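Here are some worked exercises on a two-chain model. Have a go at each task yourself before you read the solution.

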Amino acid sequence: MAESKPITKNVDWMVVLIYIACLTIGWLNIYAAVYNPEAHTNMFDLSNNAGKQLMWIGTAALLIICILVIDYKFYETFSFVIYAVVIFLLVVVLFAGSNINGSRSWIKLGSFSLQPAEFSKLAVSLAISKYLSDPAISLNRKLKDYYPIMGIIALPAFLILLSNETGSMLVFASFAIVLYREGMPGFIPAIGMIGAALLIITLLFVKWYIAGAIIVIAGLVIWLMPVMTRRRGGLWATIIVAFVMIGIVFGVDFFMNNVLQKHQRGRIMVLLDPDSDPRGIGWNVIQSKIAIGSGGVWGKGFLQGTQTKFDFVPEQSTDFIFCTVGEEHGFLGTTIVVFLFVALISRLVVLAERQRSRFARVYGYCVAGIIFFHFLVNVGMTIGLMPVIGIPLPFFSYGGSSLWSFSVLLFIFLKIDAQRPFTLSRG
Amino acid sequence: MLESRRFVIIGFFALVGIIYLLRLFYLQVLDESYSIESSSNSIKRVTEIPFRGQIYDRYGKLIVYNTPVYDLLVTPYKVKMDDTLRFCQVLGIERRDFDSLMNAASTYSRVKPSLFLRQLSKEDFASIQDIMVDYSGFEFAKSSLRTYTAPTLANTLGYVSEITKGQLEKQEEPYYRQGDYIGQSGVERIYENELRGKRGTKFVMQNVAGVYKGPWKNGELDTMAVAGENLYTGLDLEVQQYADSLMVNKVGSVVAIEPKTGQIISMVSAPTYDPNILASRYFSKNFAALARNPYKPLFNRPVMASYRPGSTFKLIQALIGLQEGVITPGSGFTHANCPVGCHNHPATSTVALGVTHSCNPYFYNVFRRLIYKNNIKNTFKASAVGLDAWHDDIAKFGIGQRLGIDLPSEYKGNLPNKKYYDRFYGEYRWKFSNIYSLSIGEGELLITPLKMANVAAIIANRGYFYTPHVIHGIGDKKTVKPEFLERHETGVDAHNFEPVIEGMIGAVEAGTARRSKVEGITIAGKTGTSQNKRGDDHSIFIAFAPVDDPKIAIAVFVENAGAGGSAAAPIANLIIEKYLSRKVTNKALEERMLKLDLMSKVVLPTTKKPGETETKKKEEVKKPTGDPNDPANRLPGAPHPANPAAMRGPVTLPKQSQQKAL
């Protein structure tokens, strides 16, 4: 049988190597983040984050072996079962979860705690892939085909929101990439981006000026428009679009002041002007920018970071691990990390495109999208381009649940990809 | 057609990557501001020690405050000394001292600053500051000293000193660091957490040479030091100092309590010392001298010393007797058939007269009735049951219990029960005839002056008390600890107090304390003469006044002064008058008490070795142990030293050590 060929032959070694590189660099930086020059911190000591992370890496390796051994068809067949189990865990955590850092999202089993929200990404990816594997479903023609997808995403998103873990919920936005690839009309993400742009502009400028500017631009568009287009409804279309945009501007204002909670509003405002609240929410952003900025071109050297030694940067080994890279390894180090991520997700897209089954392709895009979204938000927030949202940097940040969930997510795809030569195309 | 969308997606990924790289390039390479802030200038964390809270008396007069002082630190490797002689002259130290200080500093670390001279006054600092600029490697650090407005209350307030190694290791949350100051005794220790305040942290920039370059980030990240909370006591500083003066050249205690609230008005532990001497550069020298002093000025007698209550205990016996119904206010007893002796006094036909004349047989009979109240035939069993019932009644007065005052090392005292005597005699092997000395406050009873002052407060209140406490208000809001607002009942009805109080008034007007009565103030009091085998009796007096609206309850203990009426009662009544009317009318009595010198009669505490004879002890020179809980240190048991005059309290230290400033 062809399937008895060793997995090592077919697995995509480029992804595996990037994965190993990320884990190694991440672990060394966690060690640097917890390193105390006066206390001779030991990298292998289980009482600090570096030692624990090594333990998580070891257990992740065991998980990977399990994934590679299990038959690849298992994941497709049991997609909805896995989804149901994760939903069940998300419900359980609402009632039995322990409160860590204000969010009630951890299941505690003895000294071991697990965050089901981390695994919801995997479950939703599998469920969406399974659903889209039906060749009859078309995203560019039938609106009703979107409803099940919306349901698949909304259910866990709602449960995660209830457990106060907004960061993990926002990750579901990454499925827009998959839907776009599978036929969602391009104007939907375009509208999303324009909306985001309008949001930021609204926060920066007086809303009446923006409204005026939109009217002026709309006037220019109508004036420059070919007469034929104008007559065929272009005039009204432009006017409607302009009014919708003005509506968004005022809606954003209302949303910011009346809907968002104070700390959420603060996080967005800080993104625009960190100095508006230097001791509060702006603290993280300012400190992380100083830490990264002080690294210079070559960095201060391994374990030589000074900004990190006085605990200036909070959550240094988890959400702000990129600061340690920036400070100790400089522009060189950060460039390498950015390249690793871009290479990884681009490679995942290439792998996804060569799949013969739609299930495998959709799943590959899900993995790429999720990792990309984490990279986008996490690195973006440390360099002040994104609001402070507490989500980890895949493979770098300290934490067992996140490392496990990313490893499982990635290696399920690698396993499916390794079986590609033996899979029949279904469309 | 959809396949081509992969290029859009990969392009989007790449675009984000490029934007992030451009941003990183800007932050890390182009923008110089961050690198200047964090790398060329190193940031140093400087800890700011807040001022300890101040302590006030009941009228808002300051008792303890802080004086800013300066510590001189040296970093040995930076020191370039051309003219050591002049340097020593400026600092007022010997060349020898300089060498040993430098040696000690170098041994600790050549690159880290260590203490060179501590606690220079502001004036000294001002005079040498300019000259010190010429000497590299020396820097000043601001610090503060506890300062006392009056040389009193040393043991009550306690002292502050550098944290010991043991304390450093034992602390539960790592707050203190080496060299930090911590309250070591008295109020300073009990209220350490309130007094210490909150340390502040400053981040300052230094260049490579370690020169100060201003606050980092304009001080945005600094946390301010928060001064400790002020403490408000119920102490009356004027009365306290008056009581101090009366207790000069005596060993003993004065405890005065406001009965309605339990606030301590005055607390004297004689002999005492000036608390300022333990808050100076010469702490260790002065402390060693105090610790060596045979009169143990560091021993806080009001709460730690133990005595037999003597006749003052008869008050409680009478109260329990009335409450249990074994006597009525009109019960009378004669001296007939009684193993305890008595003095010659008029017939004691009522409880009041029994108290007034402190008749021993009277209370022997009361106690006998209390013990045998249960009507059990077997006298051994009856005694056992009776004693335990009696014990429980007495315990409600705080006898044999810790009252819970806010001072460390409160001595529990001893109130024997059945178990206690069973250990000596065996179960049911003892009966009333073995324990009757308890009836008059002798035997195995042990109390502290504080407890007896509290008994006076209970009688003043006619039945209840508030835990005596020094601090009646923490911080600006003057919060009182809830345990000090809790009323403790004794279970004796208010009407049963009246005959006893009548007897106490009689004691002051015409009885055992008549020589010290105060014109215009009705005082209810009771003398006590506490026997101890190795010296003259201790003089005890407890009282409260005015009788109708008690404002002060007091206990005075004067060691080896003889009967209660001879020293304790006059001192107590003078203090009561001073507190209530702010003046003293009986100047002759005051004069006599001020001059009274009992130091020659005081038998110094010592460790007693079994088998030593009385004569042998008289010859030996005293070497007291430092342990205040050693029973030998509580019960006097040795003769006075050859030259008692040299040891007179308040203890003063050799002049030279105090003058050795800059």
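**Exercise 1: Two cis prolines**

Pro271(B) sits in the loop between β12 (263–270) and α11 (283–292) of chain B; helices (H or I, at least four residues) and strands (E, at least two) are DSSP runs, numbered from the N terminus. Before going on, note that this is a predicted model, where local features need pLDDT of at least 70, side-chain atom pairs count only at pLDDT 80 or more, and totals for chains, interfaces and linings use all residues. Residues are numbered from 1 along each chain as its sequence is written, chains are lettered from A and ligands numbered from 1 in the order in which they are written, and side-chain values use heavy atoms, with hydrogens and water left out.

Task: find the geometry of the peptide bond from Ala270(B) to Pro271(B), then do likewise for Ala545(B) to Pro546(B).

Solution. Step one: the bond from Ala270(B) to Pro271(B) is cis, with omega near -5°. Step two: the bond from Ala545(B) to Pro546(B) is cis too, with omega near -20°. Step three: place Pro546(B), which is in the loop between β17 (538–545) and β18 (552–558) of chain B.

**Exercise 2: Positive phi**

Task: look up phi for Ser409(B) and Asn560(B), and work out whether each is buried, partly exposed or exposed (buried means under 20% relative accessible area, exposed over 50%, partly exposed in between; 1.4 Å probe, protein chains only).

Solution. Start with Ser409(B): phi is near 55°, positive although the residue isn't glycine. Ser409(B) belongs to the loop between α16 (379–395) and α17 (418–425) of chain B, and its relative accessible area of 41% makes it partly exposed. Now Asn560(B): phi is again near 55°, in a residue other than glycine. Asn560(B) is in the loop between β18 and α21 (568–581) of chain B, and at 0% relative accessibility it is buried.

**Exercise 3: Strands in chain B**

Task: explain why strand β4 (residues 114–120) of chain B counts as largely enclosed, and find how it runs relative to β3 (residues 62–74).

Solution. First, 6 of the 7 residues of β4(B) are buried, so the rest of the structure largely encloses this strand. Next, 4 bridges join β3(B) to β4(B), and the two run antiparallel; strands pair if DSSP finds at least two bridges between them. Finally, Leu73(B) is opposite Leu115(B) in β4(B).

For another strand, try Thr527(B) in β16 (residues 524–530) of chain B. Thr527(B) is buried, at 5% relative accessible area. Beyond neighbours within four places in sequence, its contacts (heavy atoms within 4.5 Å) include Ser311(B), Phe541(B) and Ala569(B).

**Exercise 4: The interface**

Task: describe how chain B meets chain A, starting with how many residues each contributes to the contact.

Solution. Chain B contributes 34 residues and chain A 51. Together they bury about 3,600 Å², 72% of it on carbon and sulfur atoms; buried area is the accessible area (1.4 Å probe) that two parts lose on being put together, summed over both. In chain B, Phe13(B), Tyr20(B) and Gln28(B) lose the most area to chain A, together 21% of what that side buries.

Then check the charges: the interface has 2 salt bridges (a side-chain nitrogen of Lys or Arg within 4 Å of a carboxyl oxygen of Asp or Glu). Glu353(A) makes a salt bridge with Arg6(B), with the closest N and O atoms 3.9 Å apart.
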